[in-house]
Amino acid sequence: MSRANTLDGFLGGRLSIAQPRRGFRAGHDTVLLAASVPALAGSHLLELGSGAGIASLCLACRVAQIRVTGIEIDPELVALANENAARNGMADGVGFECADAASFGGRELFDHVFFNPPFHPASGEESPSAGRDLAMRDAANAIADWTRSALALTRAAGTVTAILRADRTDEMLAAGDGRGVVLFPLFPRAGEAPKRMIVQFRKR
């Protein structure tokens, strides 16, 4: 049975995006991730776990003349993401396909790879929504596996960018195997510890 969707505006209404009414819904994390990828015109990018395509489309809206491929394990979300690309006039440069982010073997290397992995611990409470649980709860070592996969799919001098819970940053750094990295802590307000971290590796 197909999901019920809402139609939401992103980037001040520049994008009109359908996403599931129930389950994982994109918000600030998705937009901040897209804003953090150092793409330039002519870049070819890969998003792991692209969901309804919102991060990829935000990035393509910000940087003209890029190509973005998104992979997502849920075929209904793949179809929805491609519909979103078409609705916003971006289907020529942004496309989505069904694949597992942890084991994706790309046909080529990419200039930049980016992702928002399931980052709540496997020990956390299981969501009654299967889609939300798959997107949010790391029941299969996703942080480490997606990081290794992303680095393997990135060409020399390219970047891997991810957003995750700040308290799981060390797991991602360990999977990066000593590569140079820049960390962008995101603070909810002054005087409080960061709750999210943007991690960016540069592949040498």
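User: Quick one before we start: what does buried mean here, as a relative accessible area?
Analyst: Buried means under 20% relative accessible area, exposed means over 50%, and partly exposed is in between. Keep in mind that this is a predicted model.

User: OK. How many residues of helix H2 are buried?
Analyst: 8 of the 9 residues in H2, which runs over 54-62, are buried, so the helix is mostly covered.

User: Which ones are they in H2?
Analyst: The buried residues are Ile54, Ala55, Ser56, Leu57, Cys58, Leu59, Ala60 and Cys61.

User: I see two cysteines there. What's the disulfide count?
Analyst: The count is 0 disulfides.

User: Why no bond for cysteine 58?
Analyst: The closest cysteine sulfur to that of cysteine 58 belongs to cysteine 61, and at 7.2 Å it is too far for a bond. A disulfide needs the two sulfur atoms within 2.5 Å.

User: And which sulfur is closest to cysteine 61?
Analyst: The one in cysteine 58, so the relation holds from this end too, at 7.2 Å. As for cover, cysteine 58 has 3% relative accessibility and counts as buried, while cysteine 61 is buried with 17%.

User: Switching to the sheet. How many strands, and in what order?
Analyst: There are 7 strands in an open sheet, ordered S5-S4-S3-S6-S9-S11-S10, with mixed pairing. The edges are S5 (94-98) and S10 (181-186), each of which pairs on one side only. From one strand to the next, the twist averages 15°.

User: How do S6 and S9 pair?
Analyst: S6 (residues 110-115) and S9 (residues 154-165) run in the parallel sense, with 5 bridges between them. In that pairing, phenylalanine 114 sits opposite threonine 161 of S9.

User: Back to H2 for a sec, which strands does it touch?
Analyst: H2 packs on the sheet and touches S3 (44-48), S4 (67-72), S5 and S6. The direction of H2 makes about 160° with that of S5.

User: And helix H5, what does that one touch?
Analyst: H5 covers residues 142-152 and also packs on the sheet, touching S3, S6, S9 and S11 (196-202). The angle between the directions of H5 and S9 is about 160°.

User: Let's do electrostatics. How many salt bridges in the whole structure?
Analyst: A search of the whole structure gives 7 salt bridges. One of them joins the side chains of aspartate 29 and arginine 196, at 2.8 Å from N to O.

User: Where in the chain are aspartate 29 and arginine 196?
Analyst: They belong to distant parts of the chain: aspartate 29 is in helix H1 (residues 28-36) and arginine 196 is in strand S11, 167 residues apart.

User: Is aspartate 29 buried or exposed?
Analyst: Aspartate 29 counts as buried, because its relative accessibility is 18% and the cut-off is under 20%. Its partner, arginine 196, has 22% and so counts as partly exposed.

User: Which residue does arginine 165 bridge to?
Analyst: Arginine 165 forms a salt bridge with aspartate 167, with the closest N and O atoms 2.7 Å apart. Aspartate 167 is exposed, at 56% relative accessibility.

User: What about glutamate 192, who's its partner?
Analyst: Glutamate 192 pairs with arginine 189, and their closest N and O atoms are 3.2 Å apart. Glutamate 192 is partly exposed at 32%, whereas arginine 189 counts as exposed at 52%.

User: Now the loops. Where does serine 50 lie?
Analyst: Serine 50 is in the loop between S3 and H2. This serine is buried, with a relative accessible area of 5%.

User: What is serine 50 in contact with, leaving aside neighbours within four places in sequence?
Analyst: With those neighbours left aside, serine 50 contacts Gly70, Ile71, Glu72 and Phe96.

User: Last topic, backbone angles. What's phi at glutamine 65?
Analyst: Phi of glutamine 65 is near 60°, a positive value in a residue other than glycine. Glutamine 65 lies in the loop between H2 and S4, and at 68% relative accessibility it counts as exposed.

User: And what's phi at aspartate 177?
Analyst: Near 55° for aspartate 177, again positive and in a residue other than glycine. Aspartate 177 is in the loop between helix H6 (169-175) and S10. The relative accessible area of aspartate 177 is 64%, so this residue is exposed.

Note on methods: Residues numbered from 1 in each chain as written. Predicted model: local features only at pLDDT ≥ 70, side-chain atom pairs only at ≥ 80, totals over all residues. Heavy atoms only, no water. Buried < 20%, exposed > 50% of the residue type's maximum accessible area, 1.4 Å probe, protein only. Helix = DSSP H or I, 4+ residues; strand = E, 2+ residues; numbered from the N terminus. Pairing = 2+ DSSP bridges. Axes fitted to C-alpha atoms, helices over the stretch in contact; angles between N-to-C directions. Contact = heavy atoms within 4.5 Å. Salt bridge = Lys/Arg side-chain N within 4 Å of Asp/Glu carboxyl O.
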